[in-house]
Amino acid sequence: MKKTAIITGTAGNLGQAVAKRFIEEGYHVVGTIRNKTAEVNFLENNFEAITLDLLDEEDAQKFVNHVVEKHGEINVAVLAAGGFTSGNISSATTGDIYKQYQLNFETAYNVARPVFMQMMKQNNGRLFLIGSRAGLEVSKSKGVMAYALSKSLIFRLAEAMNAESKGKNVVTSVIVPSTIDTPQNRESMPDTDFSTWVTPAQIAEVIYFYSGEGASVVREPVIKMYHQS
């Protein structure tokens, strides 16, 4: 039976790279997009695009139910949707923090919770959350306070899920990339050495490896992808 992967944010650079990698390996990928105008270019027989507001908890639950009803199981979930803003403590308002909380934690949690419960029910699954160095290391949070605070919750969520899934074949991992090599980042940081950044394709390859049998003995991993940064 063809395995199924859920990927959120498939219109983004990272989401597209991850979707492409899993499709290449024969997975049926169900990806979320924010609106019907988002461009996603994959083979239609291996990819299903679902328009979903990830901030709507009820719709997120219905989305996961739809995938289970149609495909039976969810083998892998990669929650790549999110957002970024800069700002230090003096400029980061509670409104800024709440917006980042919504973009980076709430969008993840609304899908992660029903996916996790399904994986626990089927006693099988690999769930990947996207963290950040700023969320993991306080020293890296300078200038990105609201973003760092929102991302720090991703690590606590993974810890809680892995504690709950102890004894089950269900593992939640956190990918922690340094600067990702995207057109947007190149435009905003044109004087940086891009060769020290990590590419979406490299992240996708690592996620695919950790979702497979070769990494089946690994539990509770925080996967740091810092390259030369």
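This section describes strand β2 with its neighbours, and then the internal cavities, in a predicted model.

Strand β2 spans residues 28-33, and 6 of its 6 residues are buried. Its side chains fall into two sets: His28, Val30 and Thr32 point one way, while Val29, Gly31 and Ile33 point the other way, and all are buried. The strand is paired with two others. Strand β1 (residues 4-8) runs parallel to β2 and is joined to it by 4 bridges; within this pairing, Ile6 has Val30 of β2 as its bridge partner. Helix α1 (residues 13-24) belongs with these two strands, since β1, α1 and β2 form a right-handed β-α-β unit. Strand β3 (residues 47-51) also pairs with β2 in the parallel sense, over 5 bridges, and here Ile33 stands opposite Thr51 of β3.

Turning to the interior, 2 cavities of 30 Å³ or more were found. The largest cavity holds about 40 Å³ of space. Its lining consists of Arg126, Phe128, Val171, Ser173, Tyr210, Ala215, Val218 and Pro221, with strands β5 (125-130) and β6 (170-177) each supplying at least two of these residues. By class, this lining comprises 6 nonpolar, 1 polar and 1 charged residues.

The second largest cavity contains about 30 Å³ of space. Leu79, Ala81, Asn104, Ala108, Leu129, Ile130, Lys151 and Ile154 form its lining, to which helix α3 (94-122), strand β5 and helix α5 (145-164) each give two or more residues. The lining of the second largest cavity divides into 6 nonpolar, 1 polar and 1 charged residues. Strand β5 thus appears in the lining of the largest cavity and in that of the second largest cavity.

Conventions. Residues numbered from 1 in each chain as written. Predicted model: local features only at pLDDT ≥ 70, side-chain atom pairs only at ≥ 80, totals over all residues. Heavy atoms only, no water. Buried < 20%, exposed > 50% of the residue type's maximum accessible area, 1.4 Å probe, protein only. Pairing = 2+ DSSP bridges. Right-handed = clockwise from strand over helix to strand, strands pointing away. 1 Å grid on protein atoms, 1.4 Å probe; cavity = no way out; pocket = protein on both sides within 12 Å on 5 of 7 lines; lining within 4 Å. Points joined across faces, edges and corners; volume = space filled by probe spheres on them. Nonpolar A, V, L, I, M, F, W, Y, C, P; charged D, E, K, R; others polar.
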